[in-house]
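Student: Hey, can we go through this structure together? I'd like to know what to look at.

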Amino acid sequence: MLNVVSGRRRDHVFFGAMALAVAAAVYIGFENSYFRAGLIFAHLPSVMVHIHGALFVGWVLLLAVQITLVASGHTRWHRQLGVLGAVMAPLMVIAGFATLVLALRRNAVPRIPPSVFFAGDLLQLIAFAILVTWALRKRKEPAAHKRLMLFATIAILAPAVDRWPFAFMNSILMTTAVLTAFPLALAAYDLATTRRVHWATRWGLALYVLMIVGIFVLPALPPWQALTSWVVGA
């Protein structure tokens, strides 16, 4: 019994720390352009970008609140608030895709080729949708549910990390390394505490690796370049 309690406490500490790390990554990336600029009063390109920002920041806050509720024993509130997450997730995918298309059309990230930008953001949204849907289906399995939810949030961190205002981040390889540190931390935690990687972590890692490979491979394919040109010129 004592081992079970201590295991739960370790989980609470670890997943709480991961939620804080995710929130910190988002804050650092969007500190000047969004948070210190006034949030809803920030001068953003369009109303859609405002909706997108509010939804994604709200999701990160919701993750932290949900983890806190479980850690404090308020599982009933956690389940009730989970309904909000189930509603927010599809709205995030829709708003994320709309914001992506608008950003492509106004060439919002000139230092990144449009085909790479399109592949990166679209694959992140797809991974997020898959992982959140899976997590909701596994909501009665707490260990799997929280891992899949964490992976879903990690999957959409790239836009924030890519905007970190540090000189050493001016490389796609460094950005990839920082982003990969999040899922690897979860795998390391599983190994350190149970001597095996949880199945949800394994599948989350597999999907994450597939997403990264896709970001590097898709932009080089002529059909993808043609699709990107169509989206940009549509």
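Tutor: Sure, we'll talk through a helix pair, a cavity and one threonine. Keep in mind that this is a predicted model.

Student: Okay, helices first. At what angle do α3 and α4 pack?

Tutor: About 175 degrees, with the axes 10 Å apart. Helix α3 covers residues 75–105 and helix α4 covers residues 114–137. An angle over 145 degrees counts as roughly antiparallel, so α3 is roughly antiparallel to α4.

Student: Which residues meet there?

Tutor: From α3 they include Ala86, Met92, Phe97 and Leu100, and among those in α4 are Phe117, Leu122, Phe128 and Val132. By class, this contact has 17 nonpolar residues, one polar and one charged.

Student: Switching topic: how many cavities of 30 Å³ or more are there?

Tutor: One. Its volume is about 40 Å³.

Student: And what lines the largest cavity?

Tutor: Ala103, Leu104, Asn107, Ala108, Val109, Ile112, Pro114 and Phe117. Your two helices come back here, as α3 and α4 each supply at least two residues of the lining. The lining has seven nonpolar residues, one polar and no charged.

Student: Last one, threonine 176. Is that buried or exposed?

Tutor: Buried. The cut-off for buried is under 20% relative accessible area, and threonine 176 has 18%, so it counts as buried.

Student: Where does threonine 176 lie, and what is it in contact with?

Tutor: Threonine 176 lies in helix α7, residues 172–194. Leaving aside neighbours within four places in sequence, threonine 176 is in contact with Ile212 and Phe216.

Conventions: Residues are numbered from 1 along each chain as its sequence is written. This is a predicted model: local features need pLDDT of at least 70, side-chain atom pairs count only at pLDDT 80 or more; totals for chains, interfaces and linings use all residues. Side-chain values use heavy atoms; hydrogens and water are left out. Axes are lines fitted to C-alpha atoms, for helices over the stretch in contact, and angles run from 0 to 180 degrees between N-to-C directions. Helices (H or I, at least four residues) and strands (E, at least two) are DSSP runs, numbered from the N terminus. Angles under 35 degrees count as roughly parallel, over 145 as roughly antiparallel, 65 to 115 as roughly perpendicular and the rest as oblique. Contact means heavy atoms within 4.5 Å. Ala, Val, Leu, Ile, Met, Phe, Trp, Tyr, Cys and Pro count as nonpolar, Asp, Glu, Lys and Arg as charged, and the others, Gly among them, as polar. On a 1 Å grid over the protein atoms alone, a cavity is a set of points where a 1.4 Å probe fits but cannot get out, and a pocket is an open set with protein on both sides within 12 Å along at least five of seven lines; lining residues have an atom within 4 Å of a point. Grid points are joined across faces, edges and corners, and a volume is the space filled by probe spheres set on the points. Buried means under 20% relative accessible area, exposed over 50%, partly exposed in between (1.4 Å probe, protein chains only).
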